[in-house]
Structures are given as structure tokens and as C-alpha cells.
Amino acid sequence: MENLDVVVLRTLLDWRRAGRHALLATVVRTWGSSPRPVGSIMALCEDGAVVGSVSGGCIEDDLIYRFTRAYTAPASSEAAHAQQIPSGPPQFVKYGITADEAHRFGLPCGGTLELLLEFDPDAASLQALVEQLARGQLVCRSVRLDDGAASLQASTEPADLSVSATELVNTFGPEYRMLMIGAGQLSEYVATMALFSGFAVTVCDPREEYRGAWAVPGVTVVSDMPDDVVTAFQPDRRSCVIALTHDPKLDDLALLEALKSEAFYIGAIGSRRNNQARHQRMVEHLDQTPETLARLRGPIGIYIGSKTPPEIAVSVMAEILAVKNGVKLPRDMEVSVAKDGLALAHNDSGALVCGMPRAGD
């Protein structure tokens, strides 16, 4: 499953290549509450086909009605004269200016948003943009407001959309990526949620008995040793690495490699005691310090009382998305803090920690 922006742009490109009229709508400003953030895009074809979104649905319905009516009304009809074929330079349009409009278009109380509509974007420019995104590049797209001409420029870091009196500048990034160590049942649930959240997912597991049972399509499955896979994966600021095997032989070195990268999220599943043992091993045997391990999360997830693999996956994915979106979660939502606060007993029996003797035993 591709990044939603890439899906929108690729579909728009297909329409334009086929010679069909289409528009690209971009959310450029919002006031108050808004269903979709600034920078969200939607493409609309002359026959009413739509991909992407700029609201909860009602604004899309209005755009479909306004845009398609120009192509479906008989040339001699009154409607055709009232609704000209959309063309020319980009146009701004606002929704939700009045309370009645906000209610009509399903916007939250006080919500207003402004769109920029680009009519029949150039297919060659769209193709260049899609190709660069497919190569994993970060691309800054600038649109001149007087004629709609678009230009592309490579970018080194994400940037917020900006609009001036002369141009719109929107940065499109490659897909967010997830690398999971371990191909067990929990990994399948996490992978499924990551895919529909727009992540490209890679699963690494050198154990054939786990890889052979993998059942989630659209995921890259590799069999090399996890630390080598992390090195080849080259995690960047749009990447996360999570270890889900409970096996230190697979998890520990991979996590250490990930900590050398700019990955926005690095963590491992396990109990509180398991997490403490992992940190202790890394300090005693792998030359780590509490400072070098500060970015290593564990036990991962937010505390929702989860017990089953799908519920644990929801917990893990919720924390990953919160970190991705820059949301600082309250400490009492961390698994270890919440369980300590509730005085919950440790999950394991105390005899073994993932098949390894506990320190001091």
C-alpha cells in the first residue's frame, strides 16, 4: 500500500496521460477545527472519480458536483452557461465561512478551510514528481499562482506548506518505512496496521519456521541476520525499527545498529523485567551507557490493558503514530509507568527471562 499522497499523484497522472480533465485540490489554510491538515491533497476527474480527501466527505461531494456539471451539461443548456469549464490559473476557494456553510459541509463548529484548485496539471511534471517519490526522494513542488506552472526541487528535510502572493510550495516525502525484527503473529497485526497507515513494511526473520507462515501481502520479508538488515535498510527520519522476537540473539545487535541511525522510533516488545535485562546486557556486554540507550523504547506501546496480539498491536501502532506526528504522550500512558502505578505483578514467573537465566540466578 503506497503513501496516500503518492496514490493521489499517480492516479492524477494516469488521468492526465489519458487526456482526461482533472483537478488537484490542496488544503492551504485552516481556521479553527479542520478534518484534514494543511497540505492534504485530493484529485478529481471529469467523470467524478476521486482519490484522496480534503474533508470528511461533504466538501468532496460539492467539488464533484461543481466540477462534473460543466462536462455533463448539454452545451446549449442554462447550466452550461452558468458553470464554465474549469481551466486557467489556480483558484482559491473557501468552505465554512458561515455557520450555515460549516454545518452544510460537515465542518466542526467554527471550522473553515481554504483550498487551492489546480486545473489540468501538466502530465510531464506529475510524472517527474511521481518518479522521484518512487525513488525515495523528498521533493519540493512549487506552483506559480498566475499560470499554474509547476517546478520541482530536491529537498533535504520535510517542510510545512507555504503560500505567498505568487506561489504555493508543498513538500512531498517518500513513504514512511517500518522495519520489524521477527515474523510472528504479533508482527502480522502490526504490519497490517502499518500498511493501511501508509508505511512501507519490511520484516526480517532468519528463522524459516516463522517466515514460512507469514500471511500478510505487501510486506517485504527477508532472511538475513537482523543487524545486517538494519545496516542495509539505512533507517532515516521517516523510519522506525521495532524488535518483536523476544530473542536477544536477534534483537540486541539489530537495536544497537538502529540506535546509530536517525530513525524516529526504535523499540522492543517485552515485559518490564525483560526491558531491564536488555538494558543491563547492553551496558555490561555491548559497551553501552544509559545515555546511548536513551532512545531505545521498551516495553513499547501505550497502556490499554492489552493482552491479545491484535490489542498489543494497536497499543504499539498508537505509540509509533504519536511519535511520528510529534505528539508527546503523558508518562502515565507508558506501559511500564502505568503498570508500576497500578502495582501490577510482572508477567513472567521469575525463573527465566526469554529463555535466559535472570541476573543473579
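**Helix α2**

I began with the buried residues of α2 in this predicted model. In α2 I found Ile59, Glu60, Asp62, Leu63, Phe67, Thr68 and Ala70 buried. Two acidic residues, Glu60 and Asp62, are on that list. I kept a rule of thumb beside it: an α-helix has 3.6 residues a turn, so residues three or four places apart point the same way.

Next I checked the length of α2. The helix covers residues 58–72, 15 residues in all, and at 1.5 Å a residue the span should be 21 Å. The end C-alpha atoms are 21 Å apart, so expectation and model agree.

Then I asked myself which strands α2 lies across. They are β1, β2, β3, β4 and β5, and α2 runs at about 35 degrees to β2.

**The sheet of 5 strands**

I followed the strand order here as β3-β2-β1-β5-β4, an open sheet with antiparallel pairing. At its edges I noted β3 (50–52) and β4 (91–95), each paired on one side only. On average, neighbouring strands of this sheet are turned by 25 degrees against each other, direction ignored.

I looked at one edge in detail. β4 pairs with β5 (residues 112–119) in the antiparallel sense, over 5 bridges. For a landmark there, I picked phenylalanine 92, whose bridge partner in β5 is leucine 116.

Helix α1 (residues 4–17) also belongs in this entry. I see α1 lying across β1 (22–31), β2 (41–45) and β3, at about 25 degrees to β2.

**The sheet of 4 strands**

My next stop was the open sheet with the order β7-β6-β9-β8, again antiparallel in its pairing. Why is one side of β7 and of β8 left without a neighbour in the sheet? β7 (150–154) and β8 (162–163) stand at the edges and have a single partner strand each, so one side of each stays free of a neighbour in the sheet.

I traced the β7 edge too. Strand β6 (residues 139–144) runs antiparallel to β7, and 5 bridges join them. One handy marker is arginine 141, with leucine 152 as its bridge partner in β7.

A helix goes with this sheet as well: I noted α5 (residues 123–134) lying across β6, β7 and β9 (167–172), at about 20 degrees to β7.

**Cysteines**

Last, I looked up how many disulfides the structure holds. The count is 0. I also checked two cysteines for burial, with under 20% relative accessible area as the cut-off. Cysteine 204 counts as buried because its relative accessibility is 1%. Cysteine 240 is at 0%, so I entered cysteine 240 as buried too.

Conventions
Residues numbered from 1 in each chain as written. Predicted model: local features only at pLDDT ≥ 70, side-chain atom pairs only at ≥ 80, totals over all residues. Heavy atoms only, no water. Disulfide = S-S within 2.5 Å. Buried < 20%, exposed > 50% of the residue type's maximum accessible area, 1.4 Å probe, protein only. Expected span 1.5 Å × (residues − 1). Pairing = 2+ DSSP bridges. Contact = heavy atoms within 4.5 Å. Axes fitted to C-alpha atoms, helices over the stretch in contact; angles between N-to-C directions.
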